[in-house]
Amino acid sequence: MSASSSSTPARVIEYSTLVNVVDHDAVDAILESAGAALDGCTVIGLSSDTPDRARRTAKLVDHHGGRYLDGAIMTPTDTIGTRDASILFAGPRPLFDTHRPVLDALATTTWVGDDPGRAAAFDMALLDLFWTSVAGFEHALMVARANGIAPAELMPHARGIVDILSPVFTEIADRVADDRHGDSSAPVSSVAASVRHLIAASRDAGVDTGALEAFRGYVDAAVGAGHGADEISRIAAAMLTA
């Protein structure tokens, strides 16, 4: 049963278990207004936000006697309702299993763990990868254009870079997981020199160097800690703030 636009949050909760609004501020406002109506209900959130916000929402629902499952939509909205869509879910496994027949009508679904913040953590990590990659590509386009290279000219070579990233990512992930950074083929010290050249070229082209300067800071920190001869996977630890 659907709820009208004039329905109160409490009445909506009576009929709905899926919540998909802009972020967890909006989710929590709806759930707080519903209050006691959450008792005995299952709430499935599909709003994008941080892992900690998902955990706070789970505690809020639990406080009011409900059960919470958090979801992260990993594909464009126009894929929803097809097998091309992907949604990750986190929270109690029995809750996921109970509602999976309905959830599978929305997308290919994957349960990623009991921690209600875990789906959001996947979401944030992958969005981090996506947007920093997009930003890097757009930065490269501007550096190229300033030197008389049209986007169409750059694209075949950019695709070549994309093709080599998959094995590079796999090796870095394995090394970070094992904390194994020796036996390097791409030492941190070589990255330091390359980044200096990139920053200089960007400045000459009139392109902002903020992101590259930040990356150089991580590289310099790794070199300063005596890891210049280690594999580039060592740089990841320099990004930690605590």
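**Figure 1. The main nonpolar core of this predicted model.** A nonpolar core is a set of buried Ala, Val, Leu, Ile, Met, Phe, Trp, Tyr and Cys residues joined through side-chain atoms within 4.5 Å. In this predicted model, the largest such core brings together ten residues: Ile 44, Leu 46, Leu 69, Ala 85, Ile 87, Phe 89, Leu 95, Phe 96, Leu 103 and Ala 107. Two elements, strand E4 (86-90) and helix H4 (93-103), each hand over two or more of them. Helix H4 is the top giver, with three residues in the core.

**Figure 2. Helix H6 and its kink.** Helix H6 runs over residues 151-178, which makes 28 residues. From its first C-alpha to its last, H6 reaches 39 Å, close to the 40 Å expected at 1.5 Å a residue. Still, look at Leu 165: there H6 has a kink of about 30°, and the proline Pro 167 follows shortly after. Which residues of H6 are buried? They are Leu 154, Ala 158 and Arg 175. Part of their cover comes from helix H5 (118-146).

**Figure 3. Two aspartates in the loop after H6.** Once H6 ends, the chain enters a loop that leads to helix H7 (188-205), and Asp 179 sits in that loop. Asp 179 comes just after H6, and its phi is near 50°, a positive value in a residue other than glycine. Asp 183 lies in the loop between H6 and H7 as well, and phi of Asp 183 is also positive, near 50°. Are these two buried or exposed? Asp 179 is exposed, with a relative accessible area of 57%. Asp 183 counts as exposed too, at 76% relative accessibility.

**Figure 4. A salt bridge between helices H2 and H3.** Side chains of opposite charge can pair when their charged atoms come close. Here Arg 53 pairs with Asp 28, and their closest N and O atoms are 3.1 Å apart. Arg 53 belongs to helix H3 (residues 51-63) and Asp 28 to helix H2 (residues 24-34), so this pair ties together parts that are 25 residues apart in sequence. Charged or not, Arg 53 counts as buried, at 13% relative accessibility, and Asp 28 counts as buried at 12%. The pair has company: Asp 25, Asp 28 and Arg 53 are linked in a network of salt bridges. A search of the whole structure turns up ten salt bridges.

**Figure 5. Salt bridges within a single helix.** An α-helix has 3.6 residues a turn, so residues three or four places apart point the same way. In helix H3, Asp 52 and Arg 55 are three residues apart, about one turn of the helix, and their side chains meet in a salt bridge at 2.7 Å, N to O. Asp 52 counts as exposed at 51%, while Arg 55 is partly exposed at 27%. In helix H4, Arg 93 and Asp 97 are four residues apart, again about one turn. The closest N and O atoms of this salt bridge are 2.9 Å apart. Asp 97 is partly exposed, at 39% relative accessibility, and so is Arg 93, at 33%.

**Figure 6. The start of the chain and the model's confidence.** Across the chain, pLDDT averages 91, and 91% of the residues score at least 70. Where does pLDDT stay under 50? That stretch is residues 1-6, for which the model has two contacts beyond four places in sequence. Where pLDDT is low, the predicted coordinates should not be read in detail.

How values were computed
Residues are numbered from 1 along each chain as its sequence is written. This is a predicted model: local features need pLDDT of at least 70, side-chain atom pairs count only at pLDDT 80 or more; totals for chains, interfaces and linings use all residues. Side-chain values use heavy atoms; hydrogens and water are left out. The expected span of a helix is 1.5 Å times one less than its number of residues. The bend at a residue is the angle between axes fitted to the seven residues ending there and the seven starting there. Buried means under 20% relative accessible area, exposed over 50%, partly exposed in between (1.4 Å probe, protein chains only). Contact means heavy atoms within 4.5 Å. pLDDT is the predictor's confidence in each residue, from 0 to 100. A salt bridge is a side-chain nitrogen of Lys or Arg within 4 Å of a carboxyl oxygen of Asp or Glu.
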